[in-house]
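Please work through the exercises below with the sequence and the model side by side, trying each task before reading its solution.

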Amino acid sequence: MNKPMTAAALAIALGTAMTIAATPVAAQTADKEKCYGVALKGKNDCKAGAGTSCAGTSKIDHQGNAWSMVPKGSCEQTASKTSPTGKGQLAEFKEKKA
Amino acid sequence: MKAQPGRLRSIADVASTKPRSLPARAGIGLKPEHFREILVTAPDIGFFEIHAENYMVDGGPFHHFLTRVRERYPLSIHGVGLSIGGEGPLDERHLDRLALLLDRYQPESFSEHLAWSSHGGAFLNDLLPVPYHAGTLALVCEHIDRVQDRLKRRMLLENPATYVEFAASTLAEPEFISEIVKRTGCGLLLDVNNVYVSCVNHHRNTHAYIRALPLDDVAQIHLAGFAQDEDADGAPLLIDSHGAPVAQAVWELYCYALDWVGPTPTLLERDNDIPAFPVLFAEAQQAERILCRLQPNRAHEACA
Amino acid sequence: MSSQSAFAEALLAEEVVCPPGLATWNGSAPGKRFAVYRNNVIVSLIDALADSFPVTQELVGEQFFRALARQFVRAAPPRSPVLALYGDGFAEFIEAFPAATGVPYLADVARMELLRVQAWHAADADALTPDEIARLLGDPAALPDARLILHPSVRLLRSPYAVVSLWAAHQSESAALALAAVDPAQAETALVLRNVLDVEISAIAEGPATFILNLQQGVAFGQAAGQALAADAGFDLAASLGLLIRGGVLAGVEFPGSTHS
């Protein structure tokens, strides 16, 4: 077991944390709702696909042979990179809005 | 539920409870894409409908927004995963989830499908067809009895859109449905697009199909768009895509059905290629105008 | 075999087959009609995965992703009608997928995206208000034994890859440009939380990760902070608490012998 932090150290940290997080969360709710972009869809539907014969659309089950496929996406951008990210400990990212 | 004859509802009954049924107006399927716009613009819509399974999560944005929408509008909860037509027993855990959701949101209407979607523990996420004979009739009725018993309310059963039929079937679909309604006391959600799609796909007469249904028990109507394809012999094969405006032929069939059933809450369904909210609103207005023609005394802007 | 067993089996079969007993009004071969159902099942489930794993898809491209997802759907169809959380086991499936070995970080990105979906739908809990936090400072002696309760959405993922940076690069308009600055082989620990309505993902150091894990296991405040300091000499307790408070995930405090929060 490691040594617990003292009451004084905990209180100082908590006091400092409150000033770090100055914006009261409750006040953000209305604002969040206003600028909220819904990132996830409802996945349960009672729709059917758009047909069986128009194989050119992406909504058709292509039965592609994935085992022999090569990924062709943004992962190609990260090949042979060695530079450090430089991201800070608390770096935070918002999701792309729909 | 039909009122008990001879029993007058007290004023307290009326004042203290939410309406027990949806208004005979047009409603729209509630989509996350439109949550904000609906709350901000407060459109004049008769009701919203959700798919039950999308809200069977613990918390988060879906419940946040549904709670706010429900405070302002009548609500229909439409299940898409109970597998009432399944060969096996009903999923009791799923019934528990439904009971919890209905308890939380107190919807004016609850409906499910004449179809199956789960088998052997796997959920197949489609409304799969059921053969129509005495054996399946008994099983479906047993399942609906259990649903109504567990949820302590009448459910509406939706007629399916189908692409194949079964050699084992001995009953026509409307006959099968009529018998279910008679035996279980459930209501009927008449999906007019499904009637059209199935009748084209199986070469049946749409008017005769509708007249063969238990029309006194229709408590809600669905309208949607379909996609067109062909079967192996080049005959038309319509697909219930929910991805297009309501077809003219379906509007006409809707008017035909309303002549028989009278003003009925009508949902515009759109689940694929979801357009901007005003597009759906305009389609709902079209249904409102048709409904208004049947209710000449109704004061509503769509009736003007 | 029951008729539904044959039907279900044909829906998920690799080869296009038609179950027995189907009929058509014009005597046409039922295969094309049956294919509508088959298509609905497979495509709708792939769509569900594509919605939950958008960055996983962007990393390998839509065509590869859908082919991969198709194999997964057939191997592991959902066990529940609630599709919101479908995708358990997808990361493990990717790990074992030979064609994806060239993208070793793909499975962990998928793992993190599943945590994002779980956080999105996790139970609600009110954050402590500033007043409630301030009141805690009135009795510092009680702090070491207090249990800090985190929001149910909070999740951590320790990865040998730069999962957060990879994910973040895809949140910008020019993912290609942002990706050029990412070294995927850099280990990162992801903190996933829901701040009111938005899921936020950030990379955190070992100290805060240890602190949060201890709190989630019910370890007392003083002890959790001590563990974090032992794991990471640079641990900054104030910054970690600030992260939790600003994220709206410091959801309660319990004191031993009392059930009040």
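## Exercise 1: a covered helix

In chain B, eight of the ten residues of helix α7 (residues 192–201) are buried, so that this helix is mostly covered. This is a predicted model, in which local features need pLDDT of at least 70 and side-chain atom pairs count only at pLDDT 80 or more, whereas totals for chains, interfaces and linings use all residues. Residues are numbered from 1 along each chain as its sequence is written, chains are lettered from A and ligands numbered from 1 in the order in which they are written, and side-chain values use heavy atoms, with hydrogens and water left out.

Task: identify which residues of α7(B) are buried, and describe what lies at the N-terminal end of α7(B) and just after α7(B).

Solution. Begin with the terms: helices (H or I, at least four residues) and strands (E, at least two) are DSSP runs, numbered from the N terminus, and buried means under 20% relative accessible area, exposed over 50%, and partly exposed in between, with a 1.4 Å probe and protein chains only. The buried residues of α7(B) are V192(B), N193(B), N194(B), V195(B), V197(B), S198(B), C199(B) and N201(B). One of them, C199(B), has a relative accessibility of 2%. Next, take the N-terminal end, where D191(B) acts as a cap, with a side-chain oxygen 3.0 Å from the backbone nitrogen of N193(B). Finally, just after α7(B), H203(B) takes a positive phi of about 60°.

## Exercise 2: cysteines

Task: state how many disulfides the structure holds over all chains, and place C141(B) with respect to the nearest cysteine sulfur.

Solution. With a disulfide taken as a pair of cysteine sulfur atoms within 2.5 Å, the structure holds zero of them over all chains. For C141(B), which is in no disulfide, the nearest cysteine sulfur belongs to C186(B) and is 7.8 Å away. C141(B) itself counts as buried, at 5% relative accessibility.

## Exercise 3: a histidine between chains

Task: locate H170(C), decide whether H170(C) is buried or exposed, and find which side chain of chain A is joined to its side chain.

Solution. First, H170(C) sits in the loop between α8 (163–169) and α9 (175–179) of chain C. Second, the relative accessible area of H170(C) is 0%, and therefore H170(C) is buried. Third, its side chain and that of S74(A) are joined by a polar contact of 2.5 Å; such a contact is a pair of N or O atoms within 3.5 Å, where, within protein, one must be able to donate a hydrogen and the other to accept it, and residues adjacent in sequence count only if both atoms are side-chain atoms. The side chain of H170(C) also reaches the backbone oxygen of L166(C), at 2.8 Å.

## Exercise 4: the largest cavity

Task: describe the volume of the largest cavity and the residues that line the largest cavity.

Solution. A cavity is a set of points, on a 1 Å grid over the protein atoms alone, where a 1.4 Å probe fits but cannot get out, and its lining residues have an atom within 4 Å of a point. Grid points are joined across faces, edges and corners, and a volume is the space filled by probe spheres set on the points. Searching the whole structure gives three cavities of 30 Å³ or more, and the largest cavity holds about 140 Å³ of space. Its lining has 19 residues, with C46(A), D126(B), L127(B), A161(B) and D240(B) nearest its centre. Two or more lining residues come from each of β6 (122–128) of chain B and α2 (31–52) of chain C, and β6(B) gives the most, with three residues.

## Exercise 5: positive phi in two loops

Task: compare the loop positions of D273(B) and V196(C), and state how accessible D273(B) and V196(C) are.

Solution. D273(B), in the loop between β13 (266–268) and α10 (277–293) of chain B, has a positive phi of about 45° although it is not a glycine. At a relative accessible area of 64%, D273(B) is exposed. V196(C), in the loop between β4 (188–195) and β5 (198–204) of chain C, has a positive phi of about 60° although it is not a glycine. V196(C) is partly exposed, with a relative accessible area of 24%.

Methods: On a 1 Å grid over the protein atoms alone, a cavity is a set of points where a 1.4 Å probe fits but cannot get out, and a pocket is an open set with protein on both sides within 12 Å along at least five of seven lines; lining residues have an atom within 4 Å of a point.
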